[in-house]
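Trainee: Could you take me through one part of this model at close range? I would like to hear how two packed helices sit against each other, and then what surrounds them.

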Amino acid sequence: MLSNPDIILFAIQGGIRLANQIKTASVDRVKQKELVLPLPDFPQDLDWRKAMIFFEGEGCDHAKINPRINFLTREARNQALKPLEQEELIDWFKAKKIQEHEHGGDFLGIPPQEVLSMVKIKQWQRGQHRSGFQRIAGTLVELGVDFFVQNPGALSKNSSQHTFLRGFLEAVDDVSLSEGNIGDIASDLMIASLETVSSNPQLLTGDQSSRELVTAITKGLSTDIQNHIEFIKKQGGGIGSFSKEEKVKSWGQAVFRSVLKNGGEKVLEDPTRFLGTNAEASSSVVNQVGSAMLDIMVNKVVNDPAKGKVELGTFLSQSSIDSIVKASFTAVAENPEFFKVKNKGVQNILGQLFNDLSSYPNNIGLSILPEVSRLVLEKTALNLETIWPGNTDSAGEHLLLNASKTTLQLLSTSSGDTWKLGFSKTQAVALVDSIVQDVATQPEWITSKINSKSVLHHALEGSLKSLEGISVTQLNKETRLTVLKSALSAVAVRKDLINKKNINGEEQYLITFALNSITDMVFGNSASANARWTLSKGDVYSKLVNVFLDRVVKDGSTQEKIVAIKNVFAAEIAKLDSGESFSIEKLADTTV
Amino acid sequence: MQFFKRPIAIYFLIGLLLSVSSCAPYLNDYSSAQASFNEAAQMDNELKLKKNIENFADLVSPESQVRIKYLTALEDIDNVIKSGEAKLEADGLLASAYTIKALCEWKVEKYKQSEATARKGLESLAKAKSAGQDVPPRDSAILMAIPGLIKADQAAKLVKAPAEERNYQAIETKVSSGINDLDAALNGLPKGHPVKKYLLSSKLAILESWLIASADLKGQEGKEASQKIMKMQEEVRKEIKG
């Protein structure tokens, strides 16, 4: 049995050995860094000599068929060109040679991107192939040491941090990341994960499921990040856009934090569902969320009035990402079999939402994208078969996406170049929430069509039409929202309210006619000051609308019935002028 | 006795790790100097290839910006070598440091110093080799090529001079010598080494200077001379494309 001094000595020796390994790994890391080699100088200025050599060599065909070029070239070779002729020869050169200057000069016949990549050289020694993991081990060790100094208890083998770290390192060892990417990607993810686990220790226990989860997420996201970077490089002809690559890494880190935190909660509640026997299929379910999120952040582009075309990731905060990721996991958790098969399920939903919402100018749609995504995904979670009938490869057939798009389209109004949502962001989201809930339980709102437009479209259009005539000073946005909801509730029972009739020479929805009837009594020219005083208050008006529409639902929704109900209400409202007792509740029961 | 319990040993271990790992700040300085140099070289190359010109700041000319960056990198690497030569040598980084320094000196036209630094670098590599250490071919090739790279720049300058100051023979001599230096460096590299393409590109550049200089030769003799150089360039391009 070791004595206590032995333990200390053992610790010292172990510390020294480990320290040496760290040092060696650090030196190795430095040695492996690329050196950019500068090109030597060479004559680049365009002068008559360059032009002459071109027409004697590569461009000799031009000299053969063009007598003037031929003459000037011969004169140049005889050192007999006058200054103006020198200029002329240069002009001929510019006309005939490919316009290098528009595309960046090539390097003496070698494409510039090829040159820029060939001048970045690492140390290269035959026979010394080291795995990527070996190469970045130095970096990861340093990061780990920094972390564990602050959290010494975490070094314990059974701690969640230790388990997590093991899972992370297994993933990095397994993933084939390319030379240029591995250091940065692995380091960034390690930092993100250590910080996430530290601030959410309840997420990960020391068990096998936690480790498998960390491994699955790390593998998936680091591969995704690398794929995006490689794509950027390919688009640039092999030369990456440094700033875009840095953005991808930064967003990858943000998504990783979110997926680890929110995925941890969901997946570990029921690990067999997610991390079952088929490891590949299971991990694809988990990774689908991270992939989808990163994909829309990198690939969806917004037309910002100030910045021009900018990736969506620029606009999303960590909390927005968390909101969407959490909701995505909810959707996946409730329907893992569906999302296992339809690996693009979450991506399709998010992609379609972005396409629908980003079309609104001034980034109106983008500001509510996280919230609307959350609503749609959460409801998708609970009602998948109902709200995504038909072809589930097509996000366009997702009923809730349709519903949110229809709602927001109709809520947005334009006045010249200015677009407004018509309601505050919170109110718009609240309405979408309410509608999405209705559609989830009653899909006919979307599936049932009249003149190729959904019932929801007609109901909203008709209701909003009636509000157009009332200014915001007369009726605030909150009350308008309540009126809208009441109108939709009425249509939910009486679909014929979206029938159109010719009333007083104008084609209008019956719901519009019904709402206008109330508006007329309170805000119309014939409305008395007393009526307006009492009934225009937000809560009172809302109540009046509710009762009126309730009567329409009960007594009949024909034009004649609505008129009859209006007359009854008008008689009661007249009591406000005569000083008699007045009660809205009474109107709920008065016979029409 | 509590002191000897395991958590305390762990603290001790970590403390030791920290103290040992913090003894290499020169590595950070070296990395930083290399990063500075890489930045300068990247800008330099982009300027030559007319890429990303819009990213250069307006107040100072691009050429001046590049020169300032090289001067900064030179100062940085010089300081690292002065303060940590022994450590660099022990860790096998001294030749790389000399390589960066020689390249910086070349770029700011301190040609004599650059050649002297290159010789020092080659000496350190020879010393490492005789001590049984691995000699990285990248640094060895670049250090050998330094005289050739210097001559490439000198030849370009001679070619850009006004007509009355140009001397074809002088340029031809400079270029031939430079090509010999570059060939010597190329021959020292293992097959397929990535530095080959860089050195071949440099050869292409020095041949371009020779080609433009040949425009000063009159008549058929001049034309034939130009065409001979163009052929040489074509062969180099073929080698680069592999």
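Mentor: Happily; the helix pair comes first, then its chain, then the nonpolar cores and two residues of chain A.

This is a predicted model, in which local features need pLDDT of at least 70 and side-chain atom pairs count only at pLDDT 80 or more, while totals for chains, interfaces and linings use all residues. Residues are numbered from 1 along each chain as its sequence is written, chains are lettered from A and ligands numbered from 1 in the order in which they are written, and side-chain values use heavy atoms, with hydrogens and water left out.

Our pair is helix α4 (residues 94–107) and helix α6 (residues 137–160), both of chain B, with axes 9 Å apart and at an angle of about 10 degrees. Helices here are DSSP runs of H or I with at least four residues, strands are E runs of at least two, and both are numbered from the N terminus. Axes are lines fitted to C-alpha atoms, for helices over the stretch in contact, and angles run from 0 to 180 degrees between N-to-C directions. α4(B) and α6(B) are therefore roughly parallel to each other, a label for angles under 35 degrees.

On the α4(B) side, the contact (heavy atoms within 4.5 Å) includes Y98(B), L103(B) and W106(B); on the α6(B) side, I142(B), I146(B) and L149(B) are among the residues that take part. By type, the contact residues divide into 10 nonpolar, two polar and four charged. Nonpolar means Ala, Val, Leu, Ile, Met, Phe, Trp, Tyr, Cys and Pro, charged means Asp, Glu, Lys and Arg, and the others, Gly among them, are polar.

Stepping back, chain B has nine helices and zero strands. Of its 242 residues, 51% count as buried, that is, under 20% relative accessible area with a 1.4 Å probe, protein chains only.

Now for the cores, each a set of buried Ala, Val, Leu, Ile, Met, Phe, Trp, Tyr and Cys residues joined through side-chain atoms within 4.5 Å. The largest has 124 residues, and F548(A) is one of those with the most contacts inside it. α18(A) gives the largest share of this core, 10 residues. A second, separate core of 97 residues includes L39(A), F37(B), A41(B) and V195(B).

Leaving aside neighbours within four places in sequence, F548(A) is in contact with residues including M521(A), I562(A) and F569(A). Helix α18 (residues 364–387) of chain A holds L369(A), which counts as buried because its relative accessibility is 1%. L369(A) touches L312(A), L353(A), F354(A) and L357(A), not counting residues up to four places away in sequence.

Notes: Buried means under 20% relative accessible area, exposed over 50%, partly exposed in between (1.4 Å probe, protein chains only). Angles under 35 degrees count as roughly parallel, over 145 as roughly antiparallel, 65 to 115 as roughly perpendicular and the rest as oblique.
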